[in-house]
Amino acid sequence: MDQDSNEEAAAHQEVVVVVVPLPSQGHQNQLLHFSRLFSTHGIPVYYVGSAVHNHQVKTRMHGWNDFSDNSNFHFHDFPTPFYDLNQNELPVSLDNIVSRHVANKFPLHLIESLFEVLINLEEPISELLNSLSLIARRVVVVHDPLMAFVAKEASSIPNGESYCFNVCSAFGLLYFKWVSLGCSYSIPNIQTLCEYLTADDHLSKIDGSFPDAFLALIASQMEFQQFDVGELHNTCYPLESKFIDLLGQEPFLAQDHRQWALGPLNAVTLNSTESSAESRHECLVWLNSQPKNSVLYVAFGATITLSHEDIMELATGLEYSEQRFIWVLRETDRPDAFVDGGEACNIELPEGYEERMEGIEQEPHKAAVEVVLVPLPAQGHLNPLIHLSRLISERGIPVHMVGSATHNRQAKNRLHGWDLSIISNVHFHDFPLPSFPTPPADPDASNKWPIHLLPTFEATINFREPLAQLLHSLSLTAKRVAVVHDSLMNFAAEEASSIPNGESYCFNSCSAIFTLFYQWESLGKPSNPYIESLNISSIKSIDQLSQDIVPDGFLKFILQQKEQSQFDAGKIYNTCRPIEGKFIDILGQQPFLEENKKQWAFGPLNPVAFHSNSMGRESSRHKCLEWLDAQPNSSVLYVSFGTMTSVSDKQIEEIAFGLEKCQQRFLWVLRDADRGDIYSNQDQVRRIELPEGYEERVKGVGMIVRDWAPQLGILAHPSTGGFLSHCGWNSCIESISMGVPIATWPMHSDQPSNALLVTEVLKIGVVVREWAHRGGVTSSTTIASPIRKLMASEEGKNMKKRAEKLGAAVRQAVSEGGTSTAELHAFLGHISRPQDIL
């Protein structure tokens, strides 16, 4: 979430919480769980750290759902410090591999980076606290004990206060405080503990737990704890009641301080079988086949390095125990877990060990494949790829969707038809995007191509560097990284080709018919028996369809992208055989598909099987769905011209009168075209005016919606009988999948071809505005006539029957055993194939 929206969210809040963890997995994880608990109680939480460590904690989060549906939870990525792993005093070898042979297993290799963090985060945290102090009544800072410098920063703002969050046990903390006080305090409540620790050399058993370098780090932060007003403990009374009580007394708690024991903060009601078998980790699937209470889980955390001898002995011991086990065998974390090998495991086991243990142990391995989605930042392009993320992630493959914070937010906020929060392995990456112009669309332009979005698209070149960094980090932890990019984001293909285990696939967000004729034209329209066999009566008018489609500025942008398409290994289409089978087949032939490339068509990507009232609780349904509930079946015409088109005031007036004249019920989504950033300058968004008294006259027959509408829910509703559409491909395929016929009004790009497909090939629609008449204003009479034909004529009934039959075939295609499902499985099988299979 961007800074502006963060501050907007905090405005007028009674309190906001800033969480400052130590950048180490065991410390970050606890405060992440803490942040979730607070944010779900309506309190904005700001989790701060370097981009690397925030990425680490989000990637490794488990036990609860994604952050995407929690508007109170904000991550702040501060500049990542430089980590020098070549310090002589650190337990690393000459090739920067953490030494396995040091006697003290304390993660000394992290100490230097921790000192760097303290230096680098002080200034940005101070700036954040000052900005929040202006928009909230109180700013509460909760910090790790080793990040206590922020307590002083909190005390420097007039409405700030800080609390120390202790990440260790109450017993461990009590012991440490007692030792730091010289072991000299002997009070009745602690006498037994004192006697135990000083008797029989028990102290020596835990002596040396903290090396000198770490004690120096502790000492550097202890002086700042005087600024705190209380302490928090991740424990609870059933576990450590007597130690919690002792910590609440002097001298262990300052007289004016308070303490709370809030733990455990991790999820405790996790159902290991609650996710689908396809999306669950392989080790959980393996556990399902084991007897109850029969498996030993073996793991040594994120900061421990075992010697080769230790590992060999442990492996032998597990084998000799003759007990079932799961062993998480991985390298210790580096300061940056995603570089120079990252989480890649190079630990050797005894020869033949894994084969001998097969069926007894389960050792998690590298992910076979991780998928990175790179959409064009426009709604019609974001939407299908976020739907694709669901289909892939539900089948157990991690998905990373990249874009600016603004456009990721847009994709998530406008998502409908399914719940993003129930899927844990879709990860959004917010890439920085410099300021760019976001002019409004020109409603009076004769060419409706969204030229106003070109600055947004051109700004995406700034994604190259962060995308390259992400792909590099993923390449170290996955056997293969598959990049699926929009056809206008081809630079991602070149970046994928730069990593040894990367490959890319071009996602075409347009129809197959448009793609076919666009490519055919670009090749000079050579004689082609497949195209000639289509027998489309208006095939000679393809020349007209291409006229005025692409303005010169956009054409330059497209050509720049085309140069990099050579790096792709294949193409993906959001369509299916019941809709465009013959066009898909031709696209799979040369010269449209290069000899060494593959293609898949597994659309529609949008959900096709849900009820209009399945969007949530009754109180959360959109008002337009409630209005539809009161209308007769198939009686309502849905009217929407998408997110890129701005219609002139004169044309709006004619549409309004046309809808009134046709005497049909209608639901009209009346909003202006999106700007490049839909969240900026909202006070300048054009409000489209209707004729005076219009809304009052059509009340009961028509409904006007001026905000974002749940299009899938509207099209799936039994009261919807037709769709007056601009023929954007998302709208077409959503309408077809719900069995709703279309009244066509193409505006730009692929839309004229889509209208041709709907009316002449599939014969499930009528023409309202001919493409040839795009330069003028279409009259209300011209609008009303085809609408009546679609909604209230025998011919319209036949179109409706064909649309319903086609919709059933489409839904069958995406069901188990359907052609689209088979294509999806083929694609996932291809990207998950063993490395030696081409």
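Buried means under 20% relative accessible area, exposed means over 50%, and partly exposed lies in between (1.4 Å probe, protein chains only). The model here is predicted, so local features need pLDDT of at least 70 and side-chain atom pairs count only at pLDDT 80 or more, while totals for chains, interfaces and linings use all residues. Residues are numbered from 1 along each chain as its sequence is written, and side-chain values use heavy atoms, with hydrogens and water left out.

**Exercise 1. Work out whether helix α19 is enclosed or not.**

Step 1: Find the helix. Helices (H or I, at least four residues) and strands (E, at least two) are DSSP runs numbered from the N terminus, and α19 covers residues 512-522.

Step 2: List its buried residues. They are Ala512, Ile513, Phe514, Thr515, Leu516, Phe517, Gln519 and Trp520.

Step 3: Conclude. With 8 of its 11 residues buried, α19 is largely enclosed by the rest of the structure. For background, 55% of the 838 residues in the protein chain count as buried.

Step 4: Look just past the end of α19, where Gly524 has a positive phi of about 90°.

**Exercise 2. Describe how strands β8 and β9 pair, and how the chain gets from one to the other.**

Step 1: Check the pairing. Two strands pair if DSSP finds at least two bridges between them; β8 (residues 295-298) and β9 (residues 324-327) have 4, and they run parallel.

Step 2: Pick out a facing pair: Leu296 sits opposite Phe325 in β9.

Step 3: Follow the chain. From β8 it passes through helix α12 (residues 308-321) to β9, a right-handed β-α-β crossover. Right-handed means that, with the strands pointing away from you, the path from the first strand over the helix to the second runs clockwise.

**Exercise 3. Take the salt bridges of Glu495 and Glu653, and say where each partner sits.**

Step 1: Apply the rule: a side-chain nitrogen of Lys or Arg lies within 4 Å of a carboxyl oxygen of Asp or Glu. That gives 21 salt bridges.

Step 2: Start with Glu495, which bridges to Arg464 with the closest N and O atoms 2.9 Å apart. This pair links distant parts of the chain, 31 residues apart: Glu495 in helix α18 (residues 491-496) and Arg464 in helix α17 (residues 464-475). Glu495 is buried at 12% relative accessibility, whereas Arg464 is partly exposed at 21%.

Step 3: Now Glu653, whose side chain meets that of Lys650 (3.4 Å, N to O). Both belong to helix α25 (residues 649-662), and because they are 3 residues apart, about one helical turn separates them.
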